[in-house]
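Work through the exercises below with the sequence and the 3D structure at hand. Each task is followed by its solution.

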Amino acid sequence: MKVVVVGAGIAGLVAAWELARHGGIDVTVLEAERRPGGVIVTEQVDGFVVEGGPDGFLAGELELPELAHELGIGERVVNQRARGTAVWTGTALEPIEEGRAAQLLGIEATGAEVKAGFRSFANGMGEPVAALAQRLAGTLCFGQEVAGLVRQGSGWRVAITGGPAHDADGIVLALPAYAAGRLLESVGVADARVLAQVPYAASITVSLAYRTAQIGNRLDGAGFVVDANVVGAQHAAPLHLRACTYSSSKFPGRAPDGHVLLRAYLAPMNGDPAQTAHAGLAKVVGIRGEPLWSRVFHWNRGLPRYGARHAEHVAEVRQRLSRLPRLAIAGAGYDGAGVSACVRSGREAARLIARAMAR
Ligand SMILES: Cc1cc2nc3c(=O)[nH]c(=O)nc-3n(C[C@H](O)[C@H](O)[C@H](O)COP(=O)(O)OP(=O)(O)OC[C@H]3O[C@@H](n4cnc5c(N)ncnc54)[C@H](O)[C@@H]3O)c2cc1C
C-alpha cells in the first residue's frame with residue numbers, strides 16, 4: 001500500500017512519520033520547494049539562531065515535546081527565559097498583561113495558556129524539522145509541485161508539474177488551505193471552494209543583530225507590541241512596526257555573548273523592511289549605529305484567519321472526503337494554526353488513512 005503525502009511542512013512531515021511507523025505502508029512525501037519545514041525556517045548565522053517563521057510553542061502544549069521524545073531529541077527542548085511584554089504607546093514602553101499582548105498579535109491562546117510561557121528548541125524550531133527530515137530521508141522528494149489529482153480505481157494518480165505522475169492508494173494533503181482547496185475542487189469536491197477561500201494574512205519578520213553596547217535602553221522582558229491606536233499616527237516613527245521579540249532574551253543560545261538579536265514584525269509594506277524595522281526599533285529601544293546584519297522574511301500568505309463558520313465548513317469538507325478513496329487533509333488551514341495544532345493534525349490525518357488502509 002502506497003501513501004503520498006503532499007507538502008513537507010510540519011503537518012506533512014509528521015503525517016509521513018506517523019504513517020512510516022505503522023509498518024507495511026510505503027510513504028512518499030512530495031514537496032514543491034527544495035527544503036522541508038514550510039513556514040518553519042531556522043538559519044544559523046555567525047553563532048546566532050534566526051527564526052524566519054515560528055519561534056516557539058506554548059509551554060502547555062505537549063505535541064512537540066512528545067514528538068521530540070520519539071525522535072530522540074527530547075532533551076533539546078528549551079524554556080522561555082525572559083518573561084513579560086510591554087506595549088509601545090508612541091512615546092514609552094509600558095507593561096501589558098501577556099494574554100492581552102498575545103491577543104494583539106492574533107495568537108490563539110487563553111491568558112492562562114500564555115502565562116505558562118513558551119518553549120522552543122536549543123537550535124530553534126528547525127530542529128524537529130531536521131530530525132524528521134533525517135528519519136524520512138528516503139521518502140522525501142523536493143521540487144515536486146503537485147498540479148492535480150485524478151481518481152484511479154480505488155486509488156489516485158498525483159500529477160506533478162513537469163514530471164512523471166505518482167500512483168497512490170491513499171493521500172494526505174498537508175498544504176495551505178488555498179492550495180488544498182484548489183486540488184480538491186478539481187476532483188469534484190464542490191464544497192472545497194470554502195477551503196480555497198480561507199484568507200491568509202501577510203506579514204514580514206526582520207531579524208537584526210547588534211552589539212549589546214549599541215542598545216541604549218534596558219531590554220525588559222521578552223519584547224513589545226505596538227498599540228493599535230499608535231499604528232499610523234503621525235508622531236509614531238514605527239509606522240509599519242507591529243511588534244518586536246527580544247529573541248536573545250527570550251530563549252537561550254540565540255546570540256553569541258556581547259550581542260543582541262531582535263526580531264521585528266512588520267505589516268506588509270513597500271520599501272526596505274530592514275531599514276524600517278531598524279528605524280522603528282532605534283526609536284523604541286534606543287539603538288546607536290547600524291545593525292551588524294539583518295535578515296528579512298516575507299510571508300505573503302502567512303497565518304490563516306478563520307471566519308466565523310470555519311469549523312463547520314471544514315467538517316462538511318471532511319464529510320465529503322470520507323466518501324472518496326483514502327484522502328485526508330492536514331495543516332494550519334483547518335484545526336488551529338499553531339505548530340502544535342499542525343503536529344496533531346498531521347498525526348490525525350495519518351491515522352485516518354492508516355485505519356482506512358486496514359479496512
Ligand atoms: C511569521 C509566522 C510566525 C509564526 N509564529 C508561530 C509561533 O511562534 N508559534 C506557533 O505555534 N506557530 C506560529 N506560526 C504558525 C505556524 O508556524 C504555521 O501555521 C505552521 O508551521 C504551518 O505548517 P503546515 O505544515 O500546516 O504548512 P506549511 O508550513 O505552509 O507547509 C506546507 C508545505 O506545502 C508545500 N506546498 C504548497 N503547495 C504545494 C504543491 N502544490 N505541491 C507540493 N508542495 C506544496 C509548501 O512549499 C510547504 O512546504 C507562525 C506563522 C508565521 C507565518
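Helices (H or I, at least four residues) and strands (E, at least two) are DSSP runs, numbered from the N terminus. The model is predicted, so local features need pLDDT of at least 70 and side-chain atom pairs count only at pLDDT 80 or more, while totals for chains, interfaces and linings use all residues. Residues are numbered from 1 along each chain as its sequence is written, and side-chain values use heavy atoms, with hydrogens and water left out.

**Exercise 1. Describe the shell around the ligand.**

Step 1. A residue belongs to the shell if one of its heavy atoms lies within 4 Å of the ligand. There are 33 residues around the ligand, and Glu-31, Val-39, Gly-56, Ala-337 and Val-339 come nearest.

Step 2. Helix H1 (10–22), strand S19 (293–304) and helix H11 (339–358) each supply at least two shell residues. The largest share, 3 residues, comes from S19.

Step 3. Sort the shell by class: Ala, Val, Leu, Ile, Met, Phe, Trp, Tyr, Cys and Pro count as nonpolar, Asp, Glu, Lys and Arg as charged, and the others, Gly among them, as polar. The result is 18 nonpolar, 11 polar and 4 charged residues.

**Exercise 2. Find polar contacts of the ligand (pairs of N or O atoms within 3.5 Å).**

Step 1. Start with the side chain of Glu-31, where an N or O atom is 2.6 Å from an oxygen atom of the ligand.

Step 2. Turn to the backbone. A polar backbone atom of Val-39 is 2.8 Å from a ligand oxygen, and a backbone N or O atom of Ala-332 lies 2.9 Å from an oxygen atom of the ligand.

Step 3. Consider the cover. The ligand taken alone exposes 1,000 Å², of which the protein buries 87% (accessible areas by the Shrake-Rupley method with a 1.4 Å probe).

**Exercise 3. Which residue forms a salt bridge with Glu-18?**

Step 1. Apply the rule: a side-chain nitrogen of Lys or Arg within 4 Å of a carboxyl oxygen of Asp or Glu. The count comes to 17 salt bridges.

Step 2. The partner of Glu-18 is Arg-347, with the closest N and O atoms 2.8 Å apart. Glu-18 lies in helix H1 and Arg-347 in helix H11, so the pair ties together parts that are 329 residues apart in sequence.

**Exercise 4. Describe the second largest pocket.**

Step 1. On a 1 Å grid over the protein atoms alone, a pocket is an open set of points where a 1.4 Å probe fits, with protein on both sides within 12 Å along at least five of seven lines; lining residues have an atom within 4 Å of a point.

Step 2. The lining has 17 residues, and Leu-321, Ser-322, Leu-327, Leu-352 and Ala-356 lie nearest the centre of the pocket.

Step 3. H11 gives the largest share of this lining, 7 residues. By class, the lining divides into 9 nonpolar, 2 polar and 6 charged residues.

How values were computed:
A polar contact is a pair of N or O atoms within 3.5 Å; within protein, one must be able to donate a hydrogen and the other to accept it, and residues adjacent in sequence count only if both atoms are side-chain atoms.
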